[in-house]
Amino acid sequence: MKKRQFTLTALCLSLAGFAMSASAQKKYDPGASDTEIKIGQTMPYSGPASAYGTIGKVQAAYFKQLNEQGGVNGRKINFISLDDGYSPPKTVEMVRRLVEQEEVLLMMGTLGTPSNTAIHKYMNTKKVPHMFLATGASKWNDPKNFPWTIGFNPNYNSEGKLYGQHILATKPNAKIAVLVQNDDYGKDYFNGFKEGLGAKAASMIVATASYEVTDPTIDSQIVTLKGSGADTFFNITTPKFAAQAIRKVDEVGWKPTHYLNQVSASVGSVLKPAGLDKAVGLISMLYVKEGSDTRWDNDPTMKDFKALIKKYAPEVSPDDGNATYGYAVAQTMVQVLKQAGDNLTRENIMKQAASIKDFQVPMVLPGVLASTSSDDFALFQTIQMVKFDGKNWVDFGKPVTVK
Amino acid sequence: MSSNLPSHEKTIPWIWLVLGLLGACALPFFITNYHVFQVSMVLTYAIALVGLNILIGYSGQISLGHGAFLAIGAYTSAILMDKADMPYWITIPIAAAVCLVVGFLFGLPALRLEGHYLALATFALAVSLPQLLKFKHLEFLTGGVQGIVIMKPEAPWETLFGLKLNSDRWLYFFTLAVTVVMFMIGWNLIRGRVGRALIAIRDQPIAAASMGINTPLYKSLAFGVSAMFTGVAGALSAILVAFVAPDSFTVFLSITLMVGMVVGGVTSLPGALYGALFIQFIPNIADQISKAAPWAIYGVMLILFMYTMPTGIAGLLRLIGQKLRPTHP
Amino acid sequence: METFIHQVVAGIATGGVYASLALALVMIYQSTHHINFAQGEIAMFATYMAWTLINAGVSYWLAFTCTILLAFALGVLIQRIIIRPVENAPVLNIVVVFIGLLVILNSIAGWVFTYTIKAFPSPFPKEPPFGLHFISSHELGSIGVTLVLLLMLYGFFKFTPLGLAMRAAAQNPDSSRLVGIRVGWMLALGWGLAAAIGSVAGMMIAPVVFLEPNMMSGILLYAFAAALVGGIDSPGGAVLGGFIVGILENILGAYVIGTELKLSVALVLIIVVLTIKPAGLFGKVIVSRV
């Protein structure tokens, strides 16, 4: 009797002890420790895409403030963001430095389709989380072949498809003109758009014009597009050129149904310089809250955001769409880190990133929830179409599910 | 043009070269893979700068568009590896041949232009090449705006003389070998008939023509050879980075090459190496000095270099060497 | 047909943009025999100075005038402090200094003003001229300003003693010194005037392309091509060159080759022109006697 009791007790105690040690076990990969989590990033702080550098600046400010408030699960975030000048070879060099020399735990929000394409294979070979890429190219959602890469932006292809389908549904006899930036991002949107129009794409699109990022103006392209007699216009441009296009379309007296890609939908950095009155009627898509939108004036996250940049990044304008975007990404990252708890291995980070369940990122529009699963890494499944009324983007129809 | 004495007029300090090579061979085993990668990139820039030097320094022409030849070499290599499944080492001589021809063909009409006009023509080449690379009818070859992703070659052996080899180290040795070969070719060219003809054309074009030197031919040849060197550099860099895209070859790259050449030392082979080191590492250093405006620091350093070392780093070292050596009677 | 006219007029409008910067390039070339690659950045920086003044509440024309004066001072300062030490250095060294200057100005502008685009006001009315939609009042006004600048420049170089002194200083510094021309100050004056012209160009361009640190980089190449096509030592040629480049680019893009290759083709055509007429359409051909 005694012997059995003894054995049983011993068994129970050892089992309990084992369970306790397992749950109290902290697991770290390079870049994580009891006190610190190292996050790496490359951003174009110089060169043609330097306007996007605001994203990195806001994120750095966010983490700085977070550290002052205690960090995540008691660990401070060491955020190392390097300039790659939007040049893929430089991105490769900087990423190798971050992964091999700085030994970061993960990369967050690297910006640019060509830059990320250059390091796509490397990150997956090295098995380092390549997270929340600041680009909407569709190729980042491929968990089977690239399990370490997870995008953030709703992908360009889906957004383009959405506009195509919308035109088919609302204006089936439309004559469409398209202005497209001649690079990967532009192509992605255009292909999605054509997919959305389906078989009628060839007959409905009456004019296409492209431009290079190095072009000074796109005035000639707008003249060509207007001359085609189109009554619908899909504007696939980055902020500077979007502003030019909006202005020129108004100047030449052309009044098409004007679809603008989300990339340039910021009121503060695009519509205001172009002229708010010229942007009335613009149709686009939103998923992040706009700093200039008065309906968020009392929103706690927006108030925090404005206070943050006022204190830590005063040169950034709260109306800049890049700023709220960067904030949203940082918030999502923190959520993943919180979910990971003390198990800060790279594998677990990816596991947590792939199991986000209906998370409302505070800086993202209410109702647009983030969800991922192990075979679908697309964060945002629903997109809200919006129309500009001269002051704010107003919801236009119900949120649409995109795949 | 400044009256630099070409460096080949001094005797080669063989002992330094041998020691340097031995050091270069030992280097990858003492530094991290990331640094090995960086040094390999420096070597490719050095090859490109030798090419640029032949054109600008020795032949007295100008090019603001050599980034275009980097692109042609890189894409040649990438296309052959990706579409034709060729092993990487064969693509190097092919890229060299392609660029030699393209450079020569470009040089033929371009040589009618001088000074600013030639600068514009080369500038135009650099600006238009990315457009060509993105052109939709060439997309089947060039990958269009997406570029081409290449498989990074693996080392053929696990160890070499008992020391561990990996992809980075192997590619470093490969690059080093190609660099040595290219420098030797450059050296022989400059010392030989071609080099002397180029210098004659540069300094006294009318006299040279009167002496029977076929000026147009040599000028175009200079372009072709210079493009060849740069093309080899481009091909190597494509293999090292394992990715080519139109965005990798902006106008700023061409300008950076020219800047590197002047800072390193015009008409100087070692100058190519110094210039390459400058191009690779100074932007990183500038970034560490000032995160807010790193390129301003870079610009200031450029200007200071021009004030203090008008003949480039190589020129400065040469001056120091002359001061230290006792004067000959 | 209407679209064709529209394209041509749009080309003239864009060409006006190139022409104004080309004038600054001609100015600097006429007075120093160097092509200053940093000219665009100086113009951009001056435009930011104007923007700062206007944002602080200064009226447009007052800010305009102040900016021209400030730009002039900036140009003179740059020449005296940065360029003078390398005045007699080989051409390539000077080019590297220009590039250093370009990078510094661009970087500082980005640091101080950020890279987000800013709207810049136009002094011209918002309504299009005569109700037509071919060209905006601003673009028409800018072309007018460019032509006025052209006349002033032409008159200055051709008819004033100072202009003559400057041209002499650039062409033959040693002989100029012998006749009592203060070459150093001529060069500084040249830089100042070029910067002033550039600032006007910038203030005319910014309302069209929006103000940001990289605003001038695309334009510089076209301005360069325009100046060379027209003849680098001829202000009138440079302006005409600007219009030609603008129209050519638009027509090529719209009708001939499509927008994807228009830049390449435009440049190739320019080079073809240069191989036929190496000094540009209106430049003086310098014949060297052997």
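# Chains and helices: worked exercises

The count between chain C and chain A comes to 2 salt bridges. Keep in mind that this is a predicted model. Let's work through some of its contacts.

## Exercise 1: Chain C against chain A

Task: Describe the contact between chain C and chain A, and find which three residues of chain C supply 20% of the area it buries there.

Solution:

- Step 1. Start with who takes part: 29 residues come from chain C and 34 residues from chain A.
- Step 2. Next, the area. The two chains bury about 2700 Å² between them, and carbon and sulfur atoms hold 54% of it.
- Step 3. Now the three residues. They are C:Tyr115, C:Ile117 and C:Phe210, and no other three residues supply more of the area that chain C buries against chain A.
- Step 4. Finally, look at a salt bridge. C:Glu212 pairs with A:Lys240, and their closest N and O atoms are 2.8 Å apart. The cut-off is 4 Å, so this pair counts.

## Exercise 2: Chain B against chain C

Task: How many residues does each chain bring to the contact of chain B with chain C, and how many salt bridges are there between them?

Solution:

- Step 1. Chain B gives 41 residues and chain C gives 42 residues.
- Step 2. About 3500 Å² is buried between chain B and chain C, with 80% coming from carbon and sulfur atoms.
- Step 3. Count the salt bridges between chain B and chain C: you get 0.

## Exercise 3: A helix pair across two chains

Task: Are helix H5 of chain B and helix H11 of chain C roughly parallel or roughly antiparallel?

Solution:

- Step 1. Know what to look for: two packed helices are described by the angle between their axes and the distance between the axes.
- Step 2. Read off both values. H5(B), residues 115-134, and H11(C), residues 262-276, pack at about 160°, and their axes are 9 Å apart.
- Step 3. Angles over 145 degrees count as roughly antiparallel, so H5(B) is roughly antiparallel to H11(C).
- Step 4. Add the handedness: H5(B) passes H11(C) in a left-handed crossing.
- Step 5. Check who touches. Among the residues in the contact are B:Leu120, B:Ala124 and B:Val127 from H5(B), and C:Leu267, C:Ile270 and C:Leu274 from H11(C). Sorted by class, the contact of H5(B) with H11(C) has 10 nonpolar, 3 polar and 1 charged.

## Exercise 4: Two neighbours of H7(B)

Task: Which helix, H4(B) or H8(B), is oblique to H7(B)?

Solution:

- Step 1. Take H4(B), residues 88-110, with H7(B), residues 167-191. Their axes come within 12 Å and cross at roughly 25°. That makes H4(B) roughly parallel to H7(B).
- Step 2. See what meets: B:Tyr88, B:Trp89 and B:Ile92 from H4(B) touch B:Trp170, B:Leu171, B:Phe174 and B:Val178 from H7(B). The contact of H4(B) with H7(B) has 7 nonpolar residues, no polar and no charged.
- Step 3. Now try H8(B), residues 193-203. H7(B) packs with H8(B) at about 60°, with axes 3 Å apart. H8(B) is the answer, because that angle makes H7(B) oblique to H8(B).
- Step 4. Sort the classes in the contact of H7(B) with H8(B): 3 nonpolar, 1 polar and 3 charged residues.

## Exercise 5: A salt bridge that joins two chains

Task: Where do B:Lys134 and A:Glu212 lie?

Solution:

- Step 1. The two side chains form a salt bridge, 2.7 Å from N to O.
- Step 2. B:Lys134 is in helix H5 of chain B, and A:Glu212 is in the loop between strand E8 and helix H8 of chain A, so the pair joins two chains.
- Step 3. For the overall tally, the count over all chains is 23 salt bridges.

Key:
Residues numbered from 1 in each chain as written. Chains lettered and ligands numbered in written order. Predicted model: local features only at pLDDT ≥ 70, side-chain atom pairs only at ≥ 80, totals over all residues. Heavy atoms only, no water. Axes fitted to C-alpha atoms, helices over the stretch in contact; angles between N-to-C directions. Helix = DSSP H or I, 4+ residues; strand = E, 2+ residues; numbered from the N terminus. Parallel < 35°, antiparallel > 145°, perpendicular 65-115°, else oblique. Left-handed = near helix turned anticlockwise from the far one by under 90°. Contact = heavy atoms within 4.5 Å. Nonpolar A, V, L, I, M, F, W, Y, C, P; charged D, E, K, R; others polar. Buried area = accessible area lost by both parts, 1.4 Å probe.
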